[in-house]
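Biologist: I should like a close look at a single part of this model. Please give one connected account of it and of its setting.

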Amino acid sequence: MTTVGLISLGCSKNKVDAEVMLSALVEGGFSPVTDPAEAEVIIVNTCGFIDAAKQESVNAILEMADYKEIGRCRVLAVSGCLSGRYGRELAAEMPEVDVWMGVSQYPRAAALLTRALGGEWIFECARDDSVVGGGSRILTTAPWQAYLKIAEGCDNCCSYCAIPAIRGPYRSRSLESLTAEAETLAAQGVKELILVAQDTTRYGTDLYGR
């Protein structure tokens with residue numbers, strides 16, 4: 001099995017996305033490792049919200065690129081908000097990156113990385129507003145705790161914030177899907193669920209009118 005290392009930066013919502021991606025990778029035949037020196041594929045799941053977070057993401061990408069020389073890395077992938085916001089510009093400046101994925105491609109990560117392992121350069125950062133999250137996850141939090149992302153995107157369009165441009169309009173997940181995920185997490189031993197979204201107080205208004 002191809003080994004994969006994942007570094008996830010930024011907010012708790014990004015962490016949930018990374019956990020969904022990890023599960024998709026395992027289902028796709030990849031084997032997670034914690035030491036980047038052992039990873040044949042390295043993914044940096046980025047944040048693109050404020051300048052400090054963007055710089056942290058760029059630094060992490062450059063640091064992981066070194067493992068193409070000092071480790072086993074064959075494919076370096078970048079995912080998340082920084083890709084969705086600045087993918088084209090960064091791709092022109094960072095030829096060491098083999099795969100660029102946005103915020104809508106997490107469930108397809110295994111297929112995209114498999115293509116990259118075959119020698120294809122991948123750039124798929126298009127936003128898909130039909131994606132609302134959910135799906136099986138591999139938790140990276142303490143075993144008694146998990147985040148539950150109840151919605152995706154934002155409608156507020158504040159002048160200082162790029163989230164609507166990166167992640168699209170506000171989309172609530174259905175109560176049924178959230179209940180099912182909560183039950184699955186509880187069955188795994190989770191005792192504390194932390195609800196997260198860009199705007200948790202807006203939850204449900206798009207689906208239920210209140």
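Leaving aside neighbours within four places in sequence, which residues is Asn14 in contact with?

Modeller: This is a predicted model, and the account begins with the residue in question. Asn14 is located in helix α1, which covers residues 12-27. With neighbours within four places in sequence set aside, Asn14 is in contact with Ser8, Leu9, Asn45, Thr46, Cys47, Tyr106 and Arg167. Asn14 counts as buried because its relative accessibility is 1%, and the cut-off for that class is under 20%. One of the contacts of Asn14 is also a polar contact: the side chains of Asn14 and Arg167 are joined at 3.2 Å.

Arg167 leads on to the cavity. The model has one cavity of 30 Å³ or more, and the largest cavity holds about 30 Å³ of space. Arg167 belongs to the lining of the largest cavity, together with Val103, Ser104, Asp128, Val131, Glu152 and Arg171. By class, this lining comprises four charged residues, two nonpolar residues and one polar residue. Arg167 therefore has two roles in this description, as the side-chain partner of buried Asn14 and as a lining residue of the largest cavity.

Asn45 and Thr46, also among the contacts of Asn14, lead on to the strands. Strand β3 comprises residues 41-46. Strand β3 pairs with β4 in the parallel sense over six bridges. Within that pairing, Val41 has Val75 of β4 as its bridge partner. Strand β4, residues 75-80, is largely enclosed by the rest of the structure, because six of its six residues are buried. Strand β4 also pairs with β5, residues 99-101, in the parallel sense, here over two bridges. Val78 stands opposite Trp100 in β5.

A residue in a loop may be set beside Asn14. Gly189 lies in the loop between α7 (175-187) and β10 (192-196). Gly189 counts as partly exposed because its relative accessibility is 29%, whereas Asn14, at 1%, counts as buried. When residues up to four places away in sequence are not counted, Gly189 touches Pro143 and Trp144. Gly189 and Ala162 are 27 residues apart along the chain, and their C-alpha atoms are separated by 36 Å.

To return to the part requested, Asn14 is a buried residue of helix α1, with a polar side-chain contact to Arg167 and further contacts that include Tyr106 and Cys47.

Methods. Residues are numbered from 1 along each chain as its sequence is written. This is a predicted model: local features need pLDDT of at least 70, side-chain atom pairs count only at pLDDT 80 or more; totals for chains, interfaces and linings use all residues. Side-chain values use heavy atoms; hydrogens and water are left out. On a 1 Å grid over the protein atoms alone, a cavity is a set of points where a 1.4 Å probe fits but cannot get out, and a pocket is an open set with protein on both sides within 12 Å along at least five of seven lines; lining residues have an atom within 4 Å of a point. Grid points are joined across faces, edges and corners, and a volume is the space filled by probe spheres set on the points. Ala, Val, Leu, Ile, Met, Phe, Trp, Tyr, Cys and Pro count as nonpolar, Asp, Glu, Lys and Arg as charged, and the others, Gly among them, as polar. Helices (H or I, at least four residues) and strands (E, at least two) are DSSP runs, numbered from the N terminus. Buried means under 20% relative accessible area, exposed over 50%, partly exposed in between (1.4 Å probe, protein chains only). A polar contact is a pair of N or O atoms within 3.5 Å; within protein, one must be able to donate a hydrogen and the other to accept it, and residues adjacent in sequence count only if both atoms are side-chain atoms. Contact means heavy atoms within 4.5 Å. Two strands pair if DSSP finds at least two bridges between them.
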